[in-house]
Amino acid sequence: MTADELERLKVELCCGMRICHRRGAASPFIAGHASAKVSETTFLANRFGTSFATVMPADMLLLDHDGNVLAGRGNVNQTIRLHGHIHRACPDSHAVVHAHADCVNTVGTLG
């Protein structure tokens with residue numbers, strides 16, 4: 001993948017995340033992660049702490065399947081490993097999203 005293609009993929013991933021937010025699928029606070037396959041061993045994902053509502057291409061990190069940051073600024077939490085497992089187990093999938101909708105956050109908070 002060329003540098004231009006990688007930058008375009010970052011933009012597309014951000015657009016998808018913002019659509020999820022606008023449709024109520026992702027809380028503006030506890031967002032989750034979205035990832036996109038870059039190669040057989042790497043993927044892009046948003047850094048920890050970014051909102052699906054305001055995510056920018058600079059928030060994207062290049063990761064290996066074990067969740068190690070290979071490029072980009074920021075950190076991820078351990079949940080990103082789920083994305084690595086899915087990308088590895090389902091090589092035909094190109095994107096993985098897990099999000100936290102407001103209603104789920106509310107129920108989880110109430111126990």
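**Note on the sheet, its helices and its charged pairs**

1. Glu12 counts as partly exposed, since its relative accessibility is 41%. The model under review is a predicted one. In it, Glu12 forms a salt bridge with Arg8, and the closest N and O atoms are 3.1 Å apart. Both residues belong to helix α1 (residues 3-22); because they are four residues apart there, about one helical turn separates Arg8 from Glu12.

2. The Arg8 pair is one of five salt bridges found in a search of the whole structure. As a general point, side chains of opposite charge can pair when their charged atoms come close. Two further pairs deserve comment, namely Asp59 with Arg47 and Asp66 with Arg88.

3. Asp59 and Arg47 form a salt bridge in which the closest N and O atoms are 3.0 Å apart. Both Asp59 and Arg47 lie in the loop between β2 (42-46) and β3, so the pair ties together parts that are 12 residues apart in sequence. How is each partner placed with respect to the surface, buried or partly exposed? Asp59 counts as buried, at 11% relative accessibility, whereas Arg47 counts as partly exposed, at 28%.

4. Asp66 and Arg88 meet through their side chains in a salt bridge of 3.6 Å, taken from N to O. This pair links distant parts of the chain: Asp66 is in the loop between β3 and β4 (69-71), Arg88 is in helix α2 (residues 80-89), and the two are 22 residues apart. Asp66 has a relative accessibility of 46% and counts as partly exposed; Arg88, at 43%, also counts as partly exposed.

5. In which order do the strands of the sheet stand? The five strands form an open sheet ordered β4-β3-β2-β1-β5, with antiparallel pairing. The edges are occupied by β4 and β5 (95-99), each of which has a single partner strand, so one side of each is left without a neighbour in the sheet. From one strand to the next, the twist averages 30°.

6. Strand β1 (residues 32-37) pairs with β5 in the antiparallel sense over five bridges. Within this pairing, His33 stands opposite His98 in β5. Helix α1 packs on the sheet and touches β1, β2 and β3, its direction making about 145° with that of β1. Helix α2 also packs on the sheet, where it touches β1, β2, β3 and β5; the direction of α2 makes about 30° with that of β1.

7. His33 merits separate attention. This residue is located in strand β1 and counts as buried, with 2% relative accessibility. The side chains of His33 and Thr79 are joined by a polar contact of 3.4 Å. Leaving aside residues up to four places away in sequence, His33 touches several others, including Asn46, Phe52, Ile80, His83, Val96 and Val97.

8. Leu61 is a residue of strand β3 (residues 60-64). Is Leu61 buried or exposed? Leu61 is buried, because its relative accessible area is 0%, and buried means under 20%. Beyond the residues up to four places away in sequence, its contacts include Phe43, Leu44, Ala45, Val69, Ala71 and Val76. Arg47, the salt-bridge partner of Asp59, is also among the residues that Leu61 touches. Between Leu61 and Ser35, which are 26 residues apart along the chain, the C-alpha separation is 9.4 Å.

Terms used:
Residues are numbered from 1 along each chain as its sequence is written. This is a predicted model: local features need pLDDT of at least 70, side-chain atom pairs count only at pLDDT 80 or more; totals for chains, interfaces and linings use all residues. Side-chain values use heavy atoms; hydrogens and water are left out. Buried means under 20% relative accessible area, exposed over 50%, partly exposed in between (1.4 Å probe, protein chains only). Contact means heavy atoms within 4.5 Å. A salt bridge is a side-chain nitrogen of Lys or Arg within 4 Å of a carboxyl oxygen of Asp or Glu. Two strands pair if DSSP finds at least two bridges between them. Axes are lines fitted to C-alpha atoms, for helices over the stretch in contact, and angles run from 0 to 180 degrees between N-to-C directions. A polar contact is a pair of N or O atoms within 3.5 Å; within protein, one must be able to donate a hydrogen and the other to accept it, and residues adjacent in sequence count only if both atoms are side-chain atoms.
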